[in-house]
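Ready for some practice in reading a protein structure? Work through each exercise on your own, then compare your steps with the solution.

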Amino acid sequence: MKYSLKPMKTILGIESSCDETAAAVVSRGTEILSSVVASQIKVHAPFGGVVPELASRKHLESIAPVVEQALEDAGISRDQIDGVAVTRGPGLVGALLVGFSFAKAYAFALDVPWVGVNHLLGHIHSVLMSPSPPEFPFAALLVSGGHTSIYKVSSRTDMEVMGQTRDDAAGEAFDKVSKAMGLGYPGGEIISKLAESGDPHKISFPRSWLDKKKFDFSFSGIKTAVGRYMQVHEDSWHDEKADIAASFQEAVVEVLATKLINAAKSIGCPRVAVAGGVAANACLRDRVTQLAAKAGMSVHLPDISLCGDNAAMIAAAGYYKLAAGERSPLNMDVFSRMEKL
Ligand code: KG4
Ligand code: ZN
C-alpha cells in the first residue's frame, strides 16, 4: 500500500487495552486537541474487577462513537488525520483486538499510515507531553493496575527495565485491599480518599524491600498482611478503615518512592518521573517530590487527566514512531504480555 507524502502532524490515537475505550487527537506529539475516555467502571464494579469478555463487548459498542466524538471535539474532519496510533499491548487480548482492528480498518479506509504502540511506552509519553518535559535520560516509575516497573528512559522510543514487580502491581494491591474491606472497585481512588482521614503510622504493615540495591517490587505480601490484620481484629477493624487505608498506602508509597530515587542515583541521573494510574495518588506524588528535592533531583509528573489509561498518550508515542518512518503492516497482531516497544 502506498501512502501520500503528507507531513505527519495530526494523529488519531486509540486505546482499548483494559476497561477504558479511548480516542484522542494530538497535534505534533504534544498538543492535545481532544481526548475522550469512556470508562466501563459501572459494568465491572459489581464483579469487583474487570471481566475480560464484558470489556471486549463494551469496547465494541463504544469504539465508533468514541472516535467520532474525539474528531468532533478536536474540530477536525477525517481527512485531516495524518496517521493512526493504537495500543498493541500489553493488555486483555479481546479488549486490545477491538481497538486494534478498528484502527487498522480506519487507517486503511483513510489511506493513512498507522502504527501499533506499546501501552507502557504510551504511559511514559504522558510525562513527555508536559510543557517542560525531562531531558533524557531519566528514571521513570510506571505504576498502574497491571504494571509496576522502573525504567531508564533514554529517548522517546527507547526505555530499558531496571526493575519490576515479581507478583502483584501496586494498583492491583490498592484494588484488592479495597475489595477485601468491601469498599468497591477500582480501589485506588477509594483507598486514597479514605486515607486522608487516617493515621499512616497507626499500623506497621511490612515493607517489601527485597534486595535494597535492586529495583524489583513485591506487593502480594502487604495485601495478605492487611487481610490478616482484618482477621485478627475481626471485631474492631470496621472502626479502623481509615487507619488501615492510610497505613497500607504509606507502606506502598514509601517503597515505590524510595526505589525510584535510588534507581535514578544508580544511573547518575538527577531526573525522576512517575506515570500510570497510581501516579494520580497524591501521597505518592508528594513523597516522590519530597525525596527528589532532598536528593537534588527534578520531578516530572503527568497531568492527573493523563495518569489513567487514555489515548492522547498513545497518539503522542505513535506520532514519534510515524514521524521516524515506522509503519505497521496490516497483518500485525496484538500481544498480551511481551515487553516490546
Ligand atoms: O494506568 P491505569 O488506568 O490502567 C492500567 O494500565 O492498569 O491504572 C489503573 C490503576 C487501578 O489499579 C487503580 O486502582 C489505580 O490505577 N489508581 C490509583 C489511584 N487512581 C487510580 N491508585 C492509587 N491512588 C489513586 N489515586
Ligand atoms: Zn495503563
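**Exercise 1. How many Å apart do the end C-alpha atoms of residues 31–315 lie, and what percentage of the span is helix and what percentage strand?**

Solution. Keep in mind that this is a predicted model. Start with the record: UniProt lists residues 31–315 for "domain: Gcp-like", in an unreviewed entry. Next, find the two end C-alpha atoms of that span; they lie 10 Å apart. Finally, look at the secondary structure: helix makes up 46% of the span and strand 18%.

**Exercise 2. Find the two domains and describe how they touch.**

Solution. Step one is to mark the domains. Domain 1 covers 10–124 + 307–324, and domain 2 covers 134–301. Between their C-alpha centres there are 27 Å. The contact involves 17 residues from domain 1 and 18 residues from domain 2.

Step two is the size of the interface. The accessible area lost when parts come together is often used to express this. Here, domain 1 and domain 2 bury about 1400 Å² between them, and carbon and sulfur atoms give 76% of that area. On the domain 1 side, L120, I124 and C307 supply 39% of the area buried against domain 2, more than any other three residues.

Step three is to look for polar links. The interface has zero salt bridges, while two residue pairs are in polar contact.

Step four is to see which helices take part. On the side of domain 1 that touches domain 2, α1 (41–44), α4 (119–128) and α10 (312–323) each supply at least two residues. The largest share, four residues, comes from α4. Sorted by class, this side has 10 nonpolar, five polar and two charged residues.

**Exercise 3. Which residues does UniProt list for "binding site", and what is the largest C-alpha distance among them?**

Solution. The unreviewed UniProt entry lists H119, H123 and D309. In sequence they are spread over 191 residues, yet in space they cluster, with a largest C-alpha distance of 8.8 Å. Now place one of them: H119 sits in helix α4, the helix that also gives the largest share of the side of domain 1 touching domain 2.

**Exercise 4. What separates E172 and K176 along helix α5?**

Solution. First, note that the structure holds 12 salt bridges. One of them joins E172 and K176, whose closest N and O atoms are 3.0 Å apart. That fits the 4 Å cut-off for a salt bridge. Then count along helix α5 (residues 170–180): because E172 and K176 are four residues apart there, about one helical turn separates them.

Technical notes: Residues are numbered from 1 along each chain as its sequence is written. Chains are lettered from A and ligands numbered from 1 in the order in which they are written. This is a predicted model: local features need pLDDT of at least 70, side-chain atom pairs count only at pLDDT 80 or more; totals for chains, interfaces and linings use all residues. Side-chain values use heavy atoms; hydrogens and water are left out. Domain bounds come from an automatic or database domain assignment. Contact means heavy atoms within 4.5 Å. Buried area is the accessible area (1.4 Å probe) that two parts lose on being put together, summed over both. A salt bridge is a side-chain nitrogen of Lys or Arg within 4 Å of a carboxyl oxygen of Asp or Glu. A polar contact is a pair of N or O atoms within 3.5 Å; within protein, one must be able to donate a hydrogen and the other to accept it, and residues adjacent in sequence count only if both atoms are side-chain atoms. Ala, Val, Leu, Ile, Met, Phe, Trp, Tyr, Cys and Pro count as nonpolar, Asp, Glu, Lys and Arg as charged, and the others, Gly among them, as polar. UniProt positions are given in the numbering used here, feature names are shortened, and annotations may be inferred rather than shown by experiment.
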